[in-house]
Amino acid sequence: MNCVTPLGMDLLSNWTQLLMGNGGIIRHDVGRIKNSYVAKFISEEAAGLLTPVQDSTLLERMLFTAAKPIASKYVLTPRTALVLSTTKGNVSLLQDGRMADAQLNVLANKMAEALGFQTQPIVVSHACVSGLLALSVAKRLIQIGQYDDAVVLAGDVVSEFVVSGFQAFQAMSPFPCKPFDKDRAGVSLGEAAACVYVSKEKGEFKILGEAAINDANHISGPSRTGEGLVQSVLRAGREASIDIKDIDFISAHGTATLYNDEMEAVAFHRLGLQDVPIHSLKGYYGHTLGASGLLETVIALKAMQEEVLLPTLGFEELGVSQPVNIIREAGYRPLTRLLKTASGFGGSNAAMLVERCG
């Protein structure tokens with residue numbers, strides 16, 4: 001597994017920054033939008049990204065930098081899938097009238113060719129559950145025998161289009177976001193790429209169960225009862241054949257909007273998970289859209305390897321109606337099972353249970 005963010009060009013450098021409590025959200029000018037709190041590559045950092053082909057976009061370079069070490073480590077056969085997660089892809093190309101180049105399948109094909117895949121890439125673009133859902137799709141394709149292994153790749157960038165969209169929802173925080181905090185005021189956006197190799201062969205981690213439920217609550221607002229998330233977790237637990245309370249921590253979606261964090265707290269309380277340690281990584285990375293589910297899974301798996309409970313950056317005082325156990329300070333203990341959740345526009349929800357095998 002690997003990731004590329006404004007905090008670092010690989011997983012190890014990102015992990016080092018997280019242990020130091022450093023976040024990447026600072027003021028940036030994004031196109032014509034000035035002084036917006038986002039986690040974005042500055043030009044000096046972006047210069048360190050690998051370039052798959054001449055005239056590659058920032059997103060293509062981020063994706064290639066995240067995926068190249070993974071793709072180079074394994075033999076990519078005619079039974080190796082590439083699953084790409086993104087919500088907006090190269091949407092900024094539309095400003096130059098490059099309609100065809102902005103299509104998601106064009107981006108996927110570019111990545112497949114640059115990385116040496118022999119199979120047609122699969123695109124997952126399902127709002128903010130995309131990254132976690134892409135991992136689920138890879139797991140399902142391997143389960144049914146269509147592929148032997150897969151590389152799951154996810155990425156999105158902070159663009160004027162995306163920032164203006166969230167501003168239109170009045171959902172942008174005027175300061176670095178504060179997940180689950182009483183003073184939270186909205187999201188901070190971020191850009192990142194993440195990559196995970198998945199195989200039918202036994203590895204260090206095993207996906208025990210996963211599910212995705214769309215409750216179709218609203219075009220942008222989550223269900224006030226958390227029903228879609230509740231059902232996603234229950235069905236993931238059913239596939240895993242474990243008690244869903246038998247987990248060590250939860251990596252929540254935790255966008256720091258008023259309604260998302262409240263919905264998650266309600267859902268976790270309904271599931272009896274209010275005492276399980278919970279973190280959100282949005283305070284470090286911002287909301288990285290189609291990359292968020294995969295990026296946060298990568299970091300959570302690294303936390304299991306290192307046996308570290310990462311705190312929720314920006315959290316000070318609980319600001320949701322139900323009691324939940326938000327991690328305030330780094331803790332050290334054996335970590336065997338993880339619940340990762342994600343939610344997004346249109347009532348989309350996803351959950352995954354992962355076990356560390358050794």
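Q: Are helix 3 and helix 4 parallel, perpendicular or oblique to each other in this predicted model?
A: Helix 3 covers residues 58–73 and helix 4 covers residues 104–115. Their axes come within 10 Å and cross at roughly 40°. An angle under 35 degrees would count as roughly parallel, and 65 to 115 as roughly perpendicular. The two helices are therefore oblique.

Q: What is the handedness of the crossing of helix 3 and helix 4, left-handed or right-handed?
A: Two packed helices are described by the angle between their axes and the distance between the axes. Handedness is given here as well: the crossing of helix 3 and helix 4 is right-handed.

Q: How do the residues of the contact of helix 3 with helix 4 divide into nonpolar, polar and charged?
A: Helix 3 contributes Leu 59, Glu 60, Leu 63, Phe 64, Ala 67, Lys 68 and Ala 71. Helix 4 contributes Leu 107, Lys 110, Met 111, Ala 114 and Leu 115. The division is nine nonpolar, no polar and three charged.

Q: Which residue in strand 3 is the bridge partner of Val 30?
A: Strand 2 (residues 26–30) pairs with strand 3 (residues 33–39) in the antiparallel sense, over four bridges. The two strands form a hairpin with two residues between them. Across this pairing, the partner of Val 30 is Ile 33.

Q: Which residue in the turn between strand 2 and strand 3 has a positive phi?
A: The hairpin leaves two residues between its strands. The phi in question is about 60°, and the residue is Gly 31.

Q: Is His 287 buried or exposed?
A: His 287 lies in the loop between helix 9 (282–285) and helix 10 (292–306). Its contacts beyond four places in sequence include Cys 128, His 253 and Thr 255. Its relative accessible area is 3%. The cut-off is under 20%, so His 287 is buried.

Key: Residues are numbered from 1 along each chain as its sequence is written. This is a predicted model: local features need pLDDT of at least 70, side-chain atom pairs count only at pLDDT 80 or more; totals for chains, interfaces and linings use all residues. Side-chain values use heavy atoms; hydrogens and water are left out. Axes are lines fitted to C-alpha atoms, for helices over the stretch in contact, and angles run from 0 to 180 degrees between N-to-C directions. Angles under 35 degrees count as roughly parallel, over 145 as roughly antiparallel, 65 to 115 as roughly perpendicular and the rest as oblique. A crossing is left-handed if the near helix is turned anticlockwise from the far one by less than a right angle, and right-handed if clockwise. Contact means heavy atoms within 4.5 Å. Ala, Val, Leu, Ile, Met, Phe, Trp, Tyr, Cys and Pro count as nonpolar, Asp, Glu, Lys and Arg as charged, and the others, Gly among them, as polar. Two strands pair if DSSP finds at least two bridges between them. Buried means under 20% relative accessible area, exposed over 50%, partly exposed in between (1.4 Å probe, protein chains only).
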